[in-house]
Amino acid sequence: MRHHSRLSPAVLLIVACALWGAATVLNKALLTSISPVTLLILQLAPSALILWVAVFIRGTRFPKRSVIAPLLMLGLLNPGISYTLSLVGLARVSASISTLLWAAEPLMILGLAAVVLREPVGWRLILVMLVGGLGVALVTDVGGGLTGSGNDPVGMLLLLSAVLCCAFYTVFSRKISEAADPLFVVAVQQTAGLSWALALLFAQTPFGSPGEISAIPISVLAAAAVSGLLYYAAAYWLYITALRSVPAAVAGSYFNLIPVFGVGLAYAFLGERLVPIQWVGAAAIIIAALELVRLTRNIAPERPAE
């Protein structure tokens with residue numbers, strides 16, 4: 001049983017990355033017909049609803065009141081502010097470049113975790129990150145992508161800001177992860193993010209308005225809801241659950257797997273070309289991921305077994 005418990009975080013993190021990769025491609029397609037803030041609301045509303053239903057069905061215990069405020073603040077940061085920036089930026093760049101920019105997140109998490117959480121920085125983890133990062137650069141065709149058409153520098157800056165927000169989210173979520181059930185954590189955070197998005201919607205920003213929702217076809221609304229359940233409800237619950245058992249830097253290192261799913265699906269459904277060097281990059285990411293799974297299995301649980 002102990003061996004299985006050490007393997008479980010790796011499985012949870014890989015599945016979460018697969019869901020994020022798939023939903024990123026779907027988001028890119030949806031942004032052609034839905035404004036960024038409107039899309040965020042259409043994703044977070046069903047996600048938060050399902051999460052709260054699950055909380056009450058399971059009879060999840062609520063944490064101490066002192067934990068609620070930090071959870072709300074983290075929810076405003078991510079998915080609130082971070083994914084507002086991300087969706088606005090994603091509308092300005094290709095799905096491949098978006099994936100490349102998100103590859104900076106593991107390195108940001110590594111540095112923040114070392115400073116805030118005093119996590120040790122081992123050479124094996126650094127090597128895994130470097131190999132994975134090289135794979136991401138190859139998979140996303142960094143040389144051609146950065147100079148290609150349709151990639152707005154403002155969009156890239158917005159996405160990098162979103163990445164930094166998410167890095168802070170991972171580090172501080174790891175710090176308080178043992179204080180509350182993961183399902184409750186994600187439900188509170190996504191409710192806070194939804195409140196942020198609703199405030200932006202009614203502020204009549206250029207990125208969404210209440211009147212836009214009534215004009216969206218039912219099929220598109222359904223697709224947005226499905227992407228929200230994948231990207232937010234399922235993936236974040238898996239991620240926060242795994243984050244309780246592994247260091248933040250290790251959990252963040254799995255993000256380099258997202259391009260394997262994201263760019264592959266972008267090729268299949270968005271018509272974005274893949275060249276041979278991108279397949280080499282995918283192989284490098286998979287090799288790094290296999291070593292990362294070994295690292296995860298060798299990490300003793302940091303909390304007592306329940």
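**Figure 1. Contact between helices α6 and α14 in the predicted model.** Arg 124, Leu 125, Val 128, Val 131, Gly 132, Gly 135, Val 136, Leu 138 and Val 139 of α6 are in contact (heavy atoms within 4.5 Å) with residues of α14 that include Ile 277, Val 280, Ala 284, Ala 288, Leu 292 and Leu 295. By class, this contact comprises 14 nonpolar, four polar and two charged residues; Ala, Val, Leu, Ile, Met, Phe, Trp, Tyr, Cys and Pro count as nonpolar, Asp, Glu, Lys and Arg as charged, and the others, Gly among them, as polar. The axes of α6 and α14 (residues 276–297), lines fitted to C-alpha atoms over the stretch in contact with angles from 0 to 180 degrees between N-to-C directions, come within 7 Å and cross at roughly 155 degrees. The two helices are therefore roughly antiparallel (an angle over 145 degrees) to each other. The crossing is left-handed, that is, the near helix is turned anticlockwise from the far one by less than a right angle.

The model is predicted: local features need pLDDT of at least 70 and side-chain atom pairs count only at pLDDT 80 or more, whereas totals for chains, interfaces and linings use all residues. Residues are numbered from 1 along each chain as its sequence is written, and side-chain values use heavy atoms, with hydrogens and water left out.

**Figure 2. Span and buried residues of helix α6.** Helices are DSSP runs (H or I, at least four residues), numbered from the N terminus. The 17 residues of α6 (residues 123–139) should span 24 Å at 1.5 Å a residue, and the 24 Å between its end C-alpha atoms agrees with this; the expected span is 1.5 Å times one less than the number of residues. Among the buried residues (under 20% relative accessible area, 1.4 Å probe, protein chains only) of α6 are Met 129 and Ala 137.

**Figure 3. Backbone features at Pro 79 and Arg 118.** A cis peptide bond, with omega of about 20 degrees, joins Asn 78 to Pro 79, and Pro 79 is placed in helix α3 (residues 65–90). Arg 118, in the loop between α5 (105–117) and α6, has a positive phi of about 60 degrees although it is not a glycine. Arg 118 counts as exposed (over 50%) because its relative accessibility is 66%.

**Figure 4. Surroundings of Ser 173 in helix α8.** Ser 173 has 3% relative accessibility and therefore counts as buried. Leaving aside residues up to four places away in sequence, Ser 173 touches Leu 74, Gln 189, Ile 240 and Leu 243.

Definitions and conventions: Parallel < 35°, antiparallel > 145°, perpendicular 65-115°, else oblique.
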